[in-house]
2 protein chains.
Amino acid sequence: MPSTLGYALLGLLARKPRTGYELTRALREPIGYFWTASHSQVYPELARLEARGWVCYEIIDGPGPRDTKRYAITAAGRRALAAWAVVPPRPERSRNELLLKVYSLWLADPAAARALITAEREQHSAMLARYEKLAAQSERGDPADLAAPQFFDYATLCRGLSFERHVLAWCDWLVAALERRTGPAAP
Amino acid sequence: MPSTLGYALLGLLARKPRTGYELTRALREPIGYFWTASHSQVYPELARLEARGWVCYEIIDGPGPRDTKRYAITAAGRRALAAWAVVPPRPERSRNELLLKVYSLWLADPAAARALITAEREQHSAMLARYEKLAAQSERGDPADLAAPQFFDYATLCRGLSFERHVLAWCDWLVAALERRTGPAAP
DNA sequence: TAGCACATGTAACTCGTTACATGATTTG
DNA sequence: CAAATCATGTAACGAGTTACATGTGCTA
């Protein structure tokens, strides 16, 4: 039973073969919205998956002192991934540093407290813009085809859009509440 | 500079003095909604905070083979907490195992996929009910008093309510989309 | 020619979980 | 009398981050 990262890599390889470097990049950009890993985790994990027979690789020529390996998922890997995907994940305990700060914000300087929430708002606003751009670009595929990955890409994107909108609304509410009490921020 | 857990403990102690055990409990029930830790983390962290002069303790008598210590925050601890609270947290990379599973759900059995999302929906439905109960109980305090903790308790609760409602709506949408394609689930 | 993207690995360290350990008091 | 709750600690392990390490090819 490999780690969650192993299944993240399998999920990417089930769509197309990639090198370790390409997997690392994918763990920043499309997958990074819900799972991340650094390259120092990726290479050992690929070796473990290969030892288990869930991925295989061919050596292609590339730059640098080492071999460049292009990995692909095997039939056994695909079966393992499909089985893992429907096992309910254990309820994960949330870790939200911002909420922890809000919990102690009554001790803080009111102007600085307002600035904290405003900054957070901007982060989520930027993230929402990125998701909206992705949504505009995405070809959704045939929505009738549940065996094609596009619909599930779209489902994860919808979750991101919804999440950012909800956080944004909460930030707006909180900033307004803080301003109502202490007067609007100085210019 | 202590860990985030240190500030979580300070945040609790700024409200009232507690024993390590009481802090551990608080890290499950009220704080657990946005930060968790097990008791094996709490005791060493309390020792570190004490060494730094941010908390102090008095020994009270209790059961068991060891001393029972009741910890309280010091003036220095309170200053450190107030300063930390307004420093913007580094944007945290999300880790959402369910979304990772959704990303590979096109490979899975459609009925099992539907069951996965339905189960997730029930989890969030139960969590929403807990939050709504808490909201009904909560005395919000004088909303004009930004130096009192009650308003900020309420703010974190609002975030929980909003979060669960958004996830619930997404689950409902996804289940409906999956059913529309494969026909309603067998009874 | 300096920096970046490509490309792959190892090592040290931190944070968090699980398991090990002990023992009193209360409740079913 | 068994189990849960109160109460506090240490140790082993696993997952993840940061830093170390090497080297090519392209572009500003």
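The questions below deal with a predicted model of two chains, A and B.

Local features need pLDDT of at least 70, side-chain atom pairs count only at pLDDT 80 or more, and totals for chains, interfaces and linings use all residues. Residues are numbered from 1 along each chain as its sequence is written, chains are lettered from A and ligands numbered from 1 in the order in which they are written, and side-chain values use heavy atoms, with hydrogens and water left out.

Q: In what order do the helices and strands of chain A run from the N terminus on?
A: Helices (H or I, at least four residues) and strands (E, at least two) are DSSP runs, numbered from the N terminus. Chain A has seven helices and three strands. From the N terminus on, the order is α-β-α-α-β-β-α-α-α-α.

Q: Which strands are the edge strands of the open sheet in chain A?
A: Two strands pair if DSSP finds at least two bridges between them. The open sheet of three strands in chain A has the order 1-3-2, with antiparallel pairing. Each edge strand pairs on one side only; these are strand 1 (18-19) and strand 2 (55-60) of chain A.

Q: How many bridges join strand 2 of chain A to strand 3 of chain A?
A: Strands of a sheet pair through backbone hydrogen bonds, either parallel or antiparallel. In strand 3 of chain A, A:Arg70 is opposite A:Glu58, and A:Thr68 is the bridge partner of A:Ile60. Strand 2 and strand 3 (residues 68-73) of chain A run antiparallel, and the number of bridges joining them is six.

Q: Which residue in strand 3 of chain A stands opposite A:Arg18?
A: Strand 1 and strand 3 of chain A pair in the antiparallel sense over two bridges. Opposite A:Arg18, in strand 3 of chain A, stands A:Tyr71.

Q: What radius of gyration does chain A have?
A: The radius of gyration is taken over C-alpha atoms, and the globule rule is 2.2 Å times the number of residues to the power 0.38. The C-alpha trace of chain A spans about 65 × 45 × 35 Å along its principal axes. For a compact globule of 187 residues the value would be near 16 Å, but for chain A it is 21 Å.

Q: Does A:Ser125 count as buried, partly exposed or exposed?
A: A:Ser125 lies in helix 6 of chain A. Buried means under 20% relative accessible area and exposed over 50%, with partly exposed in between (1.4 Å probe, protein chains only). Because its relative accessibility is 24%, A:Ser125 counts as partly exposed.

Q: What kind of axis relates the two copies?
A: Copies are superposed by least squares on the C-alpha atoms of residues with pLDDT of at least 70 in both. A turn of 180° and a shift of 0.0 Å along the axis lay chain B on chain A with an RMSD of 0.0 Å. The two copies are therefore related as by a two-fold rotation axis.

Q: Which residues of chain B lose the most area to chain A?
A: Contact means heavy atoms within 4.5 Å, and 70 residues of chain B are in contact with 70 residues of chain A. Buried area is the accessible area (1.4 Å probe) that two parts lose on being put together, summed over both; for chain B and chain A it is about 7100 Å², 68% of it on carbon and sulfur atoms. Together 14% of what the chain B side buries belongs to the residues that lose the most: B:Tyr103, B:Trp106 and B:Arg159.

Q: Which elements of chain A help cover the buried residues of helix 4 of chain B?
A: In helix 4 (residues 75-85) of chain B, the buried residues include B:Leu81 and B:Trp84. Among what covers the buried residues of this helix are helix 1 (4-13) and strand 3 (68-73) of chain B. From chain A, the cover includes helix 5 (97-103) and helix 6 (110-137).
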